[in-house]
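Ready for a few exercises at the bench or at your desk? Have a look at the chain, try each task, and then compare your steps with the worked solution.

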Amino acid sequence: MTNPLLEAIAQLPAELIDEVAAESKKAVSADFVPLVDALIMRFGESLDAVILYGSCLHSAVSLEEGIVDLYVVVDSYHKAYPERYLATLNAWLAPNVFYLEVPHQEKTLRAKYAVISTADFARGAQFWFHSYIWARFAQPSRLLYTRDDTVRQRIYAALAHSVITFLKSGVPALEADTLDVEEIWTRCLILTYAAELRAENQSRARHLAQANRDAFTRLTDAASPLLTEILEKQGNGQYRCLTRPVSQRRALWHWRLRRWQGRVLSILRLAKATLTFSNSVDYAAWKIERHTGVRVEVTPMLRRHPILWGLKVARQLLRRGVLR
């Protein structure tokens, strides 16, 4: 009988596994420990891993000012929840999103955490057409907790597959040209942002590419043995995009499909979050204002009917170009 973990790892360059492992092991603030402890208490034996990503990792946002973005990876949705409807929602459209507050040393730590199974996380990184998982986890993240070494290796494999899927999906949409790593990742990140209803603008993609340039350089180099059909490394550290007109048209069509798929999925996830995420309306308004400077008024009607009025607000923001 074949071992799925060994098969997944065998498909990947060892150097790429080493790179994502090195990023995942980098030190983080001790203030994350109370959040992890709270999640261990919440999910118990079903908890496989906790992964840190997002603005509190990629920018100078402090834990007191921001909301930590976490992924909670569980071995089974039905083991993770006493409520059957939450398990059903999570299996139907992963992830479920929740809000967490933990008092710590006279301050309050806040986190938004998404729950996904280990199997769905691996599938999302390697096989999902939409970029929801692999766009997030192609970027450096931190592994704050794992159940055991087997889970750790499965997470590393999923992170490595995310890098491969990200580049294989994004690079063919670029023009045939010689580009540095920062420009390649910037343009690919812009494509993934456009595939979701997101408040961030293109400058956010460039900021991420600049801030993580060294990591992206190492990841691209480590992934390059599986990218020979789309990227050719040059002597100056740049890459030539081996884009052909036919493959570029196909890639751009795929991104148009992802854009429409992403709008539908974003609306469905927004609707689902009203059942799982306390203060989801306030969080959405805060995030839009933080990334764009545009204040969205949260009216009593919006609080009472978050799905209906949330769609109305989303449509208005799309028309104004705030959401893309």
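This predicted model has a chain with 16 helices and 8 strands. Buried residues make up 52% of its 324 residues. Of the contacts with a separation of 6 or more, 71% join residues 24 or more positions apart.

**Exercise 1. The length of a helix**

Work out what span helix α9 (residues 149-170) should have, and compare it with the distance between its end C-alpha atoms.

Solution. Start with the count: α9 has 22 residues. Next, the expected span is 1.5 Å times one less than the number of residues, so α9 should span 32 Å. Finally, check the model: the end C-alpha atoms of α9 are 32 Å apart, which agrees.

While you are there, look at the start of α9, where a side-chain oxygen of Asp148 comes to within 3.2 Å of the backbone nitrogen of Thr150. Then look along the helix: 16 of the 22 residues of α9 are buried, which leaves it mostly covered.

**Exercise 2. Two acidic residues**

Decide for Glu45 whether the residue is buried or exposed, and do likewise for Asp69.

Solution. Take Glu45 to begin with, in the loop between α3 (32-43) and β1 (47-53). Exposed means over 50% relative accessible area; Glu45 has 67% relative accessibility, so Glu45 counts as exposed. Setting aside neighbours within four places in sequence, Glu45 is in contact with Asp75, Lys79 and Arg147. Glu45 and Ala80, 35 residues apart in sequence, have C-alpha atoms 8.2 Å apart in space.

Now turn to Asp69, in strand β2 (residues 68-74). The cut-off for buried is under 20%; Asp69 has 7% relative accessibility and therefore counts as buried. As for a partner, the side chain of Asp69 makes a polar contact of 3.1 Å with the side chain of Lys112.

**Exercise 3. The largest pocket**

Describe the largest pocket: how much space lies in it, which residues lie nearest its centre, and which helix gives the largest share of the lining?

Solution. Begin with the volume: the largest pocket holds about 570 Å³ of space. Then find the centre. Of the 29 residues that line the largest pocket, Ile164, Lys168, Ser169, Pro172 and Ile230 lie nearest to that point. Next, see where the lining comes from: α9 and α13 (245-276) each supply at least two residues, and α13 gives the largest share, 6 residues. Last, sort the lining by class, which gives 15 nonpolar, 9 polar and 5 charged residues.

How values were computed. Residues numbered from 1 in each chain as written. Predicted model: local features only at pLDDT ≥ 70, side-chain atom pairs only at ≥ 80, totals over all residues. Heavy atoms only, no water. Helix = DSSP H or I, 4+ residues; strand = E, 2+ residues; numbered from the N terminus. Buried < 20%, exposed > 50% of the residue type's maximum accessible area, 1.4 Å probe, protein only. Polar contact = N/O pair within 3.5 Å; in protein donor to acceptor, adjacent residues only side chain to side chain. 1 Å grid on protein atoms, 1.4 Å probe; cavity = no way out; pocket = protein on both sides within 12 Å on 5 of 7 lines; lining within 4 Å. Points joined across faces, edges and corners; volume = space filled by probe spheres on them. Nonpolar A, V, L, I, M, F, W, Y, C, P; charged D, E, K, R; others polar. Contact = heavy atoms within 4.5 Å.
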